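This report looks at how two helices are packed and at the nonpolar cores of the model shown here.

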Amino acid sequence: MEFPFDINQLFSERVSVLDHTLVAGRKSAGRPDLQAHIATVIDELGRASAKAQQLTAPITSASKLQSQKHQLYLLKDGESNGGRGAVMGFLKVGYKKLFLLDQQGAHVEAEPLCVLDFYIAENLQRHGYGLELFDFMLQHKNLEPVLMAYDRPSPKFLSFLAKHYCLKQSIPQVNNFVVFDGFFLNRSVGQ
Ligand code: ACO
């Protein structure tokens, strides 16, 4: 995904972690012009993800990120677009208080880290970039994927989780979140 401005100027790392401040590193702090470009990138990514999932409205936008306590991991290719860089995709996570059903069907209140949105540009899918981004987030959060909850995962994402993390057996829920076998094991209270 290319933009008419320098992606490498906005995002110095291969993976940048963004939050409600919309600041990616020291460069964009106190620079409204750069923050406006970051907002354009997030809005564009959110629209592309919604289109790929056939959603009526984006789950991700700059204004939503500014008002919520979520984190967005953004993957770039620094070499493409004549050295100005291109954005390859993103992964958005956040903690949510959920009422879940355990294997016995009992209600359990938990506040797991949830995958809320995940997108790799169409022409780059199935090349391992989603895995690169997901693994970065797991290391950054020091977390196992089985301890996470997944908000309305798409068929591609379910296939991704089964292939890379052996997450195949989900525990039926009454909401849109999916958790897998092992979620309720080794959990500390309130996690
Ligand atoms: N059809 C079926 N499975 C797919 C597809 C596809 N078109 N693309 C990726 N996968 C799954 C498969 O398991 C695939 O392994 P395989 O090629 O051996 O079958 C595996 O992912 C490949 O892994 P990566 O290359 O690391 O994944 P990728 O870079 O494609 O990223 C992602 C995965 C983010 C799901 C990407 O395919 C995508 O953006 N899809 C469209 C948007 C989407 O569905 N996002 C998830 C929304 S749900 C949520 O966020 C909670």
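## Helix packing and nonpolar cores

In this predicted model, the buried residues of helix α2 are covered by elements that include α1 (7-10), β1 (15-18), α3 (62-67), β2 (71-77), β3 (86-95) and β6. The buried residues of α2 are Leu34, Ile38, Ala39, Val41, Ile42, Leu45, Gly46, Ala48, Ser49 and Ala50. Because a helix is expected to advance 1.5 Å a residue, the 21 residues of α2 (residues 32-52) should span 30 Å, and the end C-alpha atoms of α2 are indeed 30 Å apart, which agrees.

Helix α5 (residues 155-165) buries Phe157, Phe160, Leu161, Ala162 and Tyr165, and the cover over its buried residues includes β6 (113-120), α4 (129-141), β7 (149-151) and β9 (177-180).

Each of these helices is followed by a residue with a positive phi, as listed below.

| Helix | Residue just after the helix | Phi |
|---|---|---|
| α2 | Gln54 | about 55° |
| α5 | Cys166 | about 55° |

The largest nonpolar core has 24 residues, of which Leu91, Val115, Phe134, Met137, Met148, Tyr150 and Leu161 touch the most other members. Two or more residues are given to this core by each of β2, β3, β6, α4, α5 and β9. Leu161, one of the buried residues of α5, touches Phe134, Tyr150, Cys166, Leu167 and Phe180 when residues up to four places away in sequence are not counted. A second, separate core has 23 residues, among them Ile38, Ala48, Phe90 and Ala121; of these, Ile38 and Ala48 are also among the buried residues of α2.

Methods: Residues numbered from 1 in each chain as written. Predicted model: local features only at pLDDT ≥ 70, side-chain atom pairs only at ≥ 80, totals over all residues. Heavy atoms only, no water. Buried < 20%, exposed > 50% of the residue type's maximum accessible area, 1.4 Å probe, protein only. Helix = DSSP H or I, 4+ residues; strand = E, 2+ residues; numbered from the N terminus. Contact = heavy atoms within 4.5 Å. Expected span 1.5 Å × (residues − 1). Core = buried A, V, L, I, M, F, W, Y, C linked by side-chain atoms within 4.5 Å.
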